[in-house]
Each structure stands twice: as structure tokens, then as C-alpha cells.
Amino acid sequence: MPVLHEALTHAIIGAFYRVYNTLGYGFLESVYASAMHVELRRLELSFACERAFPVLYRSHTIAVAKLDLVVADAVVVELKAVQQIAGAHEAQLLNYLRASGMQVGLILNFGPKCTMRRMVWTGQRGSIDEGERLSAAAD
């Protein structure tokens, strides 16, 4: 069974590891975001920073969600610089996927140990794509 946006997520994850291997742990999220922008440009991937999507409630826009990165109009990327990825981060990404209408998202954590989660929104209830759930030290 093919993995949705496999080549694209592979490229994004590779950029994440290059940034982590170069900068290490301890910077603010904004520093890692800037480095990711450099890497994505180097890979010639189109991306948008802090793309806004309306949050609807009963057909009313009640808020605007700002996504850290949207790569190639296909993958939502949430950047973190925390001790570990928490359930709240996963819930946040699933809500962003729902708000944007996109299906695939990545949480990239530049914590003491670099970790990531690949998540898929199925259009019903969000689910973590367990086959792609990764937690690995930088190479």
C-alpha cells in the first residue's frame, strides 16, 4: 500500500535531520524554522510560512489557525523545540489538518533527542499513521 506523499515527507524529514545535526539542541523554535526554510529552499521545495486557515464552527469563522509550514501545498509541518512530543501536539496537528483540508502532517521536534511524528487525517477521526511513526536519534 503506497504511503501518501512519501517522497515529499522523506525530503522534509531529511531536511529536519540535517538541521538538527548542524544546530543541535537548545535554540528557540524560530531559529530551527529559519534553518528549515534554508534547507527547503536548497531542496527547491515550495513552502509557505505561517499560512492561515479559518477555523469554522457551524459555518462561522471563529478563529484563524496559523500553520508553521505548508510544503508543496500538501504537507503541514509543525515545528517544536520541546522536551518531547505530547498528545496535545498531536491533537493540534490533527486540528490543523482538519482546518486546512490537507491529509498529511509532520511534527518535527528539535528537543534533546530529535523526534518526529507523521500523522494522517482520514476525514473522519484523525489517526496516527502507526506505520510511519518514527522516533530516532539524528544520524
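**How many helices and strands are there in the protein?**

Let's warm up with the overall layout. The protein has 3 helices and 6 strands, where helices (H or I, at least four residues) and strands (E, at least two) are DSSP runs numbered from the N terminus. Read from the N terminus, the elements follow the order α-α-β-β-β-α-β-β-β.

A word on the source: this is a predicted model, in which local features need pLDDT of at least 70 and side-chain atom pairs count only at pLDDT 80 or more, while totals for chains, interfaces and linings use all residues. Residues are numbered from 1 along each chain as its sequence is written, and side-chain values use heavy atoms, with hydrogens and water left out.

**Exercise 1. Describe the protein as a whole: burial, contacts and surface.**

Step 1. Of the 139 residues, 42% are buried. Buried means under 20% relative accessible area, exposed means over 50%, and partly exposed lies in between (1.4 Å probe, protein chains only).

Step 2. Take the contacts with a separation of 6 or more: 54% of them are between residues 24 or more positions apart. Contact means heavy atoms within 4.5 Å.

Step 3. The protein exposes about 7,600 Å², and carbon and sulfur atoms supply 52% of this area. Accessible areas come from the Shrake-Rupley method with a 1.4 Å probe; for residues, only the protein chains shown count as cover.

**Exercise 2. Check the length of helix α1 and find what its buried residues pack against.**

Step 1. Helix α1 covers residues 6–23, which is 18 residues. The expected span of a helix is 1.5 Å times one less than its number of residues.

Step 2. That gives 26 Å for α1, and its end C-alpha atoms are 26 Å apart, so the two agree.

Step 3. The buried residues of α1 include Leu8, Ile12, Phe16 and Tyr17. The buried residues of this helix pack against α2, β2, β3, β4 and β5.

Step 4. After α1 comes Gly24, with a positive phi near 70°.

**Exercise 3. Work through the aromatic pairs.**

Step 1. A pair of aromatic rings is described by the distance of the centres and the angle of the planes. Rings of Phe, Tyr and Trp (its six-membered ring) pair if their centres lie within 6.5 Å; planes under 30 degrees apart count as stacked, over 60 as edge-to-face and the rest as tilted.

Step 2. The whole structure holds 4 aromatic pairs. One of them joins Phe16 and Tyr17: the ring centres are 5.2 Å apart and the planes are at 40°, so this pair is tilted. Phe16 is buried at 0% relative accessibility, and Tyr17 is buried at 14%.

Step 3. Next, Tyr32 and Phe110 have ring centres 4.3 Å apart and planes at 5°, so they are stacked. Tyr32 sits in helix α2 (residues 29–42) and Phe110 in the loop between β4 (104–109) and β5 (115–120), so the pair ties together parts that are 78 residues apart in sequence. Tyr32 is buried at 0%, and Phe110 is buried at 1%.

Step 4. Phe16, Tyr17, Phe27, Tyr32 and Phe110 form one aromatic cluster.

**Exercise 4. Look at the loop between β2 and β3 and pick out the unusual phi values.**

Step 1. Most residues other than glycine have a negative phi.

Step 2. Ala72 has a positive phi of about 55° although it is not a glycine. Ala72 lies in the loop between β2 (60–71) and β3 (75–80) and is partly exposed, at 32% relative accessible area.

Step 3. Asp73 also has a positive phi, near 50°. Asp73 is in the loop between β2 and β3 and is exposed, at 56%.

**Exercise 5. Set out the surroundings of Arg51 and Asn109.**

Step 1. Arg51 belongs to strand β1 (residues 47–57) and is partly exposed, at 26% relative accessible area.

Step 2. The C-alpha atoms of Arg51 and Leu69 are separated by 6.9 Å, with their positions 18 residues apart along the chain. Leaving aside neighbours within four places in sequence, the contacts of Arg51 include Ala65, Asp73 and Met102.

Step 3. Asn109 is in strand β4 and is buried, with a relative accessible area of 0%. Not counting residues up to four places away in sequence, Asn109 touches Phe16, Lys80 and Cys114, among others.
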